[in-house]
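User: Please take me through this structure. I want short questions and short answers.

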Amino acid sequence: MKKTASDYSHINGWGIDADPLDVPNYPIKKRNENDNKGMIWERPAQQPALVEILHSNERPGLTAVFGTPNPPKGLSGQLRRFAFRYSENTWTHWLALLVADRINMMEGIGEDLKNGHIPDLIAEHGLKSELQFNKIGLAKKVLTGAAVITFAVLLMKSRSRDDS
């Protein structure tokens with residue numbers, strides 16, 4: 001089923017740029033003969049979708065051009081597919097994408113190790129620069145990380161005692 005622009009007319013502001021002659025700042029701007037030159041253009045040819053492309057459920061289809069370097073895969077891909085079931089104005093969409101990014105990072109480290117490449121996490125995370133230019137910030141991060149890990153370990157130990 002193909003969706004049309006009228007399907008989205010209930011969304012305030014949807015299609016505001018559909019008419020190139022409708023300039024939103026018209027009442028303020030003094031119009032002249034050059035106002036709409038270059039604003040009327042032909043839509044580019046649709047780029048072929050050779051990999052899975054996730055796009056907003058608020059759009060009826062793909063944009064004419066899109067990026068394809070990292071198609072969704074693995075657990076992070078499943079989480080991204082889940083996120084794109086929700087509107088972009090929900091926290092579920094954005095929180096799921098943030099978690100998917102973190103999972104994707106871990107998947108990348110696992111893939112590096114599987115391929116025999118040991119990642120240099122100290123250099124990749126900029127810890128040398130942090131140590132040189134932001135010692136207090138680095139100390140705060142290390143202490144915060146240690147506190148979170150300690151809290152998680154204590155929480156797991158207390159739960160295991162409660163279960164037995």
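The turns below cover the fold, one helix pair and one ring pair.

User: What kind of model is this, and how are residues numbered?
Analyst: This is a predicted model, where local features need pLDDT of at least 70, side-chain atom pairs count only at pLDDT 80 or more, and totals for chains, interfaces and linings use all residues. Side-chain values use heavy atoms, without hydrogens and water, and residues are numbered from 1 along each chain as its sequence is written.

User: How many helices and strands does the protein chain have?
Analyst: Helices (H or I, at least four residues) and strands (E, at least two) are DSSP runs, numbered from the N terminus. Along the sequence the pattern reads α-α-α-α-α. The count is five helices and zero strands.

User: What share of the 164 residues is buried?
Analyst: Buried means under 20% relative accessible area, exposed over 50%, and partly exposed in between (1.4 Å probe, protein chains only). By that cut-off, the buried share of the protein chain is 14%.

User: How far apart are the end C-alpha atoms of α2?
Analyst: Helix α2 covers residues 91-114, 24 residues in total. The expected span is 1.5 Å times one less than the number of residues. That gives 34 Å, and the end C-alpha atoms agree, at 34 Å.

User: Which helix do the buried residues of α2 pack against?
Analyst: Thr-92, His-93, Ala-96, Leu-97 and Ala-100 are buried in α2. Contact means heavy atoms within 4.5 Å. The partner of these buried residues is α1 (74-83).

User: Is α1 roughly parallel or roughly antiparallel to α2?
Analyst: Axes are lines fitted to C-alpha atoms, for helices over the stretch in contact, with angles from 0 to 180 degrees between N-to-C directions. The two axes come within 8 Å and cross at roughly 170 degrees. Angles under 35 degrees count as roughly parallel, over 145 as roughly antiparallel, 65 to 115 as roughly perpendicular and the rest as oblique. So α1 and α2 are roughly antiparallel.

User: Which residue just after α2 takes a positive phi?
Analyst: Look just past the end of α2. The phi there is about 85 degrees, and the residue is Gly-116.

User: Which class does the aromatic pair fall in, stacked or edge-to-face?
Analyst: Rings of Phe, Tyr and Trp (its six-membered ring) pair if their centres lie within 6.5 Å; planes under 30 degrees apart count as stacked, over 60 as edge-to-face and the rest as tilted. The whole structure yields one aromatic pair. In that pair, Phe-82 and Tyr-86 sit 5.2 Å centre to centre, with 65 degrees between the planes: edge-to-face.
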